[in-house]
Amino acid sequence: IQDQAMRIEHLCRQTSMLREMTDSRMKVYEQLEVAVNSLEETNTRLVEEAVADKNRIKMLMENVETMEDRCEELQKCLEWAKDTEEVGQIREEVVDMVVEDEIRKKES
């Protein structure tokens, strides 16, 4: 009887320890599940941000190309204006020379 009592007590302790281990494992699994869910949410958010960032980069690159094209157009306009101004100055000089020539002819 005493042997059986000791055996029952031993089995009860083992059962209790197994329950504690099971509870402990369940808590670990629950914590892991929470961590996994959190990581999945973070990953989803990061993927969405990456897509948005790629779209923004694409848009900015297009804007840069547009600005570069516009800059080239304005540079050409500036060169044309300078050329036009130079032509105008040359015309004025030619006209002045012709006028001076005519004045000299009249004076002579």
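## Charged side chains along a helix

E73 is partly exposed, with a relative accessible area of 43%. This value comes from a predicted model. The side chain of E73 meets that of R70 in a salt bridge, at 3.2 Å from N to O. R70 is partly exposed too, at a relative accessible area of 45%. What separates R70 and E73 along the chain? They are three residues apart in helix α1, so about one helical turn lies between them.

Why can such pairs form? Side chains of opposite charge can pair when their charged atoms come close.

How many salt bridges does the structure hold? There are five. The table lists three of them, including the pair just described.

| Salt bridge | N to O distance | Spacing in helix α1 |
|---|---|---|
| R45 and E49 | 3.0 Å | four residues apart |
| R70 and E73 | 3.2 Å | three residues apart |
| D101 and R104 | 3.9 Å | three residues apart |

Take R45 and E49. The closest N and O atoms of this salt bridge are 3.0 Å apart. Both residues lie in helix α1, and their spacing of four residues is about one turn of the helix. Are R45 and E49 buried or exposed? R45 is partly exposed, because its relative accessible area of 40% falls between the 20% limit for buried and the 50% limit for exposed. The same limits apply to E49. Its relative accessible area is 36%, so E49 is partly exposed.

Now move to D101 and R104. Their side chains meet in a salt bridge, with 3.9 Å from N to O. The two residues are three apart in helix α1, so about one helical turn separates them. D101 counts as partly exposed, at 38% relative accessibility. Which residues are linked in a network of salt bridges? The network links E100, D101 and R104.

Charged residues also gather in another way. Where do E62, E65, E68, D69 and E72 gather? They form a patch of negative charge on the surface. One of these residues, E65, lies in helix α1, which covers residues 2-107. E65 counts as partly exposed, at 47% relative accessibility. Why can E65 belong to a patch? A patch residue needs over 30% relative accessible area and no salt bridge. The 47% of E65 is therefore enough on the first point.

To recap, helix α1 holds the salt bridge pair R45 and E49. E65, from the patch of negative charge, lies in helix α1 as well.

Technical notes: Residues are numbered from 1 along each chain as its sequence is written. This is a predicted model: local features need pLDDT of at least 70, side-chain atom pairs count only at pLDDT 80 or more; totals for chains, interfaces and linings use all residues. Side-chain values use heavy atoms; hydrogens and water are left out. Patches are made of residues with over 30% relative accessible area and no salt bridge: like charges are joined within 9 Å, nonpolar side chains (Val, Leu, Ile, Met, Phe, Trp, Tyr) within 5 Å. Accessible areas come from the Shrake-Rupley method with a 1.4 Å probe; for residues, only the protein chains shown count as cover. Lys and Arg count as positive and Asp and Glu as negative; His and the chain ends are not counted. The place of a charge is taken as NZ of Lys, CZ of Arg, CG of Asp or CD of Glu. Buried means under 20% relative accessible area, exposed over 50%, partly exposed in between (1.4 Å probe, protein chains only).
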